[in-house]
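The following exercises concern one helix and several charged pairs. Please work through each task before reading its solution.

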Amino acid sequence: VSTQSTWAEHRGVVEMEGEKYIRMQNLLFGMTSPAIMDVKMGTRTFLESEVANDKRRKDLLKKMMALDPNSPTPEELQEGVTKLRYMQLRETLSSSSSLGFRIEGINISQKKLDIDTKTTRSREQIAEAFKNFLKGNHIPWIEMLARLKQLWEHIQDNEFLLHHEIVGSSILFAYDTNNPSKWGVWMIDFAKTTPSDIVITHRRPWVVGNREDGYLLGLSNLIDIWASCQP
């Protein structure tokens, strides 16, 4: 297994037109025709603070109807839905709430794979999507499996993880379709990672106040399904 970093390197801060920006490593550098997959981690991809308001909203009802027209109750059809209700429905329709991760998108050689990521939720559907991403390439499958297991060993009892809520974070998979020996797996998107004064297992079901996010539950299921997809 490569000893490459599991996250993008920080390359300093640059200033452009009076604004400051963080410069990050280009994870696809050197890949001429990359296949990319973004896997959103966790059973919950929203902060508790984002759903604290119990105001019923008609705009969210409209979004809910677009996802599942049979989901709103008669009362919700009249008054609208809360943000918590909408967000939880969105997680339930995908594999987030059941498996602790969902496929956010797959792009192969600048072409988006034609799958409905919002409703891809069964193990069989996910395994099929993984196989479509791999395109029969054994090297990235076996190397990425080893990297995921390495990641599990590194973070399952990590002190930082025990005291941080990891929400909205992804694991990015990429390999070069022209040279599958060039590959990478990285943890990305930590904008909603927040410290916690209580210990978080990242495995237990979420209830308001316990800060649980299901990250490790998702990683465990991700490894299990990925392992079943040998080309």
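**Exercise 1. Determine whether Arg85 is buried, partly exposed or exposed, and describe its salt bridge with Glu76.**

Step 1. Arg85 has a relative accessibility of 25% and therefore counts as partly exposed. Here buried means under 20% relative accessible area, exposed over 50%, and partly exposed in between, with a 1.4 Å probe and protein chains only.

Step 2. Glu76 has a relative accessible area of 7%, so this residue is buried.

Step 3. The closest N and O atoms of Arg85 and Glu76 are 2.7 Å apart, and the two form a salt bridge. That term denotes a side-chain nitrogen of Lys or Arg within 4 Å of a carboxyl oxygen of Asp or Glu.

Step 4. The model is predicted: local features need pLDDT of at least 70, side-chain atom pairs count only at pLDDT 80 or more, and totals for chains, interfaces and linings use all residues. Residues are numbered from 1 along each chain as its sequence is written, and side-chain values use heavy atoms, with hydrogens and water left out.

**Exercise 2. Identify which parts the salt bridge between Arg102 and Glu91 ties together.**

Step 1. The side chains of Arg102 and Glu91 meet in a salt bridge, at 2.8 Å from N to O.

Step 2. Arg102 belongs to strand E4 (residues 101-108) and Glu91 to helix H3 (residues 83-93), so the pair ties together parts that are 11 residues apart in sequence. Helices (H or I, at least four residues) and strands (E, at least two) are DSSP runs, numbered from the N terminus.

Step 3. Arg102 is buried at 9% relative accessibility, and Glu91 is buried at 2%.

**Exercise 3. Classify both partners of the salt bridge between Arg204 and Glu212.**

Step 1. In this salt bridge, the closest N and O atoms are 3.3 Å apart.

Step 2. Arg204 is partly exposed at 41% relative accessibility, whereas Glu212 is buried at 0%.

Step 3. For the wider count, the rule gives 12 salt bridges. Arg44, Glu165 and Arg211 are linked in a network of salt bridges.

**Exercise 4. Explain how the buried residues of H6 are arranged around its axis.**

Step 1. The buried residues of H6 include Trp141, Leu145, Leu148 and Trp152.

Step 2. The buried residues cover an arc of only 165° around the axis, which puts them on the same side of H6. The arc is taken from the directions from the helix axis to the C-beta atoms.

Step 3. Among the elements covering these residues are helix H5 (123-134), strand E8 (179-188) and helix H8 (215-227).

Definitions and conventions:
Contact = heavy atoms within 4.5 Å.
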